[in-house]
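Work through the two exercises below with the sequence and the coordinates at hand, and try each task before reading its solution.

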Amino acid sequence: MSDHEAPTTEAPASEVPTDEAPADEVPADEAAERVDQARQIAELEDAWRRTAAELDNFRKRCARDVVRGREQERAAVAASWLPVLDNLERALEHASSDPESVVEGVRGVLAQAVGVLADLGYPRRDDNGRAFDPAVHEAVSTVSDEGLVPGTVAQVVRPGYGPDDKLLRPAAVVVATRAS
């Protein structure tokens, strides 16, 4: 040491104490926090996987329920038509008997079939004289007649079934027009 140099009391840089731990060492409280975060992430991932599996099972169950519901409804509708079929078979068995009684029997079966449709929510429409409505009528022809109000149904060629808001089939109609 020379006379001009003051003695130092500083320790070499490698021996200087710092508040920071070396890079390869993590303080215990930070390590515990990281472990806790990793545990939380694992729990969340597990909950997410379980929820995704439950959702998939729910979708499959709903699809099965829809198929089962359709099958049950189809069976119920088919069962409601069985008496109509029985009566048609009876009518055919008596086809060689009195024609008037056969016609009467067929009319009864027709009334029964119309009743089945009505019970299913699709009553037969009586549209004669009603104002033509393209939402519930299908015009197949027109007729010019002084006795009919223009724009009304003059004749039903093929009946429609169902109420206005839930039409099964529109009525095919002849529409009255102005007389020329």
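**Exercise 1.** Determine how far helix α2 reaches from its first C-alpha to its last, and which of its residues are buried and which are exposed.

*Solution.* In this predicted model, helix α2 covers residues 99-119, and its 21 residues reach 30 Å from the first C-alpha to the last, which is close to the 30 Å expected at 1.5 Å a residue. Next, apply the cut-off of under 20% relative accessible area for a buried residue: Val109, Ala113, Val114, Val116 and Leu117 of α2 are buried. Viewed down the axis of α2, these buried residues fall within an arc of 155 degrees, and they therefore line one face of the helix. An α-helix has 3.6 residues a turn, so residues three or four places apart point the same way. On the other side of α2, Glu100, Arg107 and Asp119 are exposed, while the cover over the buried residues of α2 includes α1 (28-93). Finally, just after α2, Gly121 takes a positive phi of about 100 degrees.

**Exercise 2.** Establish the strand order of the open sheet, and find which strands stand at its edges.

*Solution.* The open sheet has 3 strands in the order β1-β3-β2, with mixed pairing. β1 (137-144) and β2 (153-158) each have a single partner strand and stand at the edges, so one side of each is left without a neighbour in the sheet. Neighbouring strands of this sheet are turned by 30 degrees against each other on average, direction ignored. To check one pairing, take β2 with strand β3 (residues 171-177), which pair in the antiparallel sense over 4 bridges; here Val153 has Val175 in β3 as its bridge partner.

Methods:
Residues numbered from 1 in each chain as written. Predicted model: local features only at pLDDT ≥ 70, side-chain atom pairs only at ≥ 80, totals over all residues. Heavy atoms only, no water. Helix = DSSP H or I, 4+ residues; strand = E, 2+ residues; numbered from the N terminus. Expected span 1.5 Å × (residues − 1). Buried < 20%, exposed > 50% of the residue type's maximum accessible area, 1.4 Å probe, protein only. Arc of directions from axis to C-beta. Contact = heavy atoms within 4.5 Å. Pairing = 2+ DSSP bridges. Axes fitted to C-alpha atoms, helices over the stretch in contact; angles between N-to-C directions.
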